[in-house]
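Q: I would like to go through this model with you. Could we begin with the overall picture and then turn to details?

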Amino acid sequence: MNGENTNYQKSVTGVLIVDGKVLLGRHTYGPGKNRLIVPGGYINNDETPQDAVAREYLEETGIVVKAKDVIGIRFNMRDWYVAFSLEYVSGTAKSDNDENSEVIWLDVNEVQGRDDVPDLTKRLIESAMNSNPAMTKKEYATREQCGEYSLYTK
């Protein structure tokens, strides 16, 4: 990642579901350390959110994806975060051994009962599976130092 080209106030993620399984990575640092989360990251200054989520997935998982629908938007006083549903294009899932220690496909029904999957990831997976096109705003408290956040999801 080129820090000079990175916009640390804008980030993206995506939910990739194939045959009833969602791709998650075991994060290696920060609030998500040792937890299974959806891959994502910061947007470079010269790319769209859709291009950024495709780049992040390729870097972190080896999977080529295409952004489809916006399934969630999180705002707080520090930054914003857009979540997309994703279409699988090609590739075999593998860890980058940097930002994640493993990437795994989990049955979407198993995810909700796991303690190592954070609530935000669970909500985004639910939103990706929801066929309702309307988004609604919900307020949540977070353990991160950025305070409360608003998340718009389907």
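Q: What percentage of the residues of the chain count as buried?

A: This is a predicted model. Of its 154 residues, 45% count as buried.

Q: And how many helices and strands does the chain have?

A: There are 3 helices and 9 strands. Along the sequence, these elements follow the pattern β-β-β-β-α-β-β-β-α-α-β-β.

Q: What share of the contacts with a separation of 6 or more comes from residues 24 or more positions apart?

A: Such residues account for 64% of those contacts.

Q: Turning to the interior, which residues touch the most other members of the largest nonpolar core?

A: They are Leu24, Tyr57 and Leu86, in a core of 28 residues. At least two core residues come from each of β1 (6-18), β2 (21-27), α1 (49-61), β5 (64-75), β6 (80-90), β7 (100-107), α2 (108-111) and α3 (119-129).

Q: Which of these elements supplies the largest share?

A: That is β6, with 5 residues of this core. As a general background, nonpolar side chains in soluble globular proteins tend to be buried together.

Q: Staying with Tyr57, which residues is it in contact with, leaving aside neighbours within four places in sequence?

A: Tyr57 is in contact with Gly14, Val15, Leu16, Leu23, Val38 and Pro39, and also with Gly62, Ile63, Val65 and Leu86.

Q: Back to β6: is its pairing with β1 parallel or antiparallel?

A: The pairing of β1 with β6 is parallel and has 7 bridges. Within it, Val12 stands opposite Val82 of β6.

Q: How many bridges join β5 to β6, then?

A: There are 9 bridges, and these two strands run antiparallel. Gly72 stands opposite Ala83 in β6. The connection from β5 to β6 is a hairpin of 4 residues.

Q: Now the surface. Which residues make the nonpolar patch of about 220 Å²?

A: Leu58, Val64 and Val89 make that patch. Val89 is found in strand β6.

Q: Why does Val89 count as partly exposed?

A: Val89 counts as partly exposed because its relative accessibility is 45%, and that class lies between the limits of 20% and 50%.

Q: How much area does the chain expose overall?

A: The chain exposes about 8,200 Å², of which carbon and sulfur atoms supply 47%.

Q: Let us change to charges. How many salt bridges are there?

A: The count comes to 9 salt bridges. In general terms, side chains of opposite charge can pair when their charged atoms come close.

Q: What is the N to O distance between Glu47 and Arg55?

A: The distance is 2.5 Å in that salt bridge. Glu47 and Arg55 are both buried. Arg55 also meets Glu56 in a salt bridge, at 3.0 Å from N to O, and Glu56 is buried as well.

Q: How far apart are the closest N and O atoms of Asp79 and Arg78?

A: They are 3.9 Å apart, and the two residues form a salt bridge.

Q: Is Asp79 buried or exposed?

A: Asp79 is buried, because its relative accessible area is 11%. Arg78, by contrast, has a relative accessible area of 46% and is therefore partly exposed.

Q: Which residues are joined into one network by salt bridges that share partners?

A: That network joins Arg26, Glu102, Glu110, Arg114 and Asp116.

Methods:
Residues are numbered from 1 along each chain as its sequence is written. This is a predicted model: local features need pLDDT of at least 70, side-chain atom pairs count only at pLDDT 80 or more; totals for chains, interfaces and linings use all residues. Side-chain values use heavy atoms; hydrogens and water are left out. A nonpolar core is a set of buried Ala, Val, Leu, Ile, Met, Phe, Trp, Tyr and Cys residues joined through side-chain atoms within 4.5 Å. Buried means under 20% relative accessible area, exposed over 50%, partly exposed in between (1.4 Å probe, protein chains only). Contact means heavy atoms within 4.5 Å. Two strands pair if DSSP finds at least two bridges between them. Patches are made of residues with over 30% relative accessible area and no salt bridge: like charges are joined within 9 Å, nonpolar side chains (Val, Leu, Ile, Met, Phe, Trp, Tyr) within 5 Å. Accessible areas come from the Shrake-Rupley method with a 1.4 Å probe; for residues, only the protein chains shown count as cover. A salt bridge is a side-chain nitrogen of Lys or Arg within 4 Å of a carboxyl oxygen of Asp or Glu.
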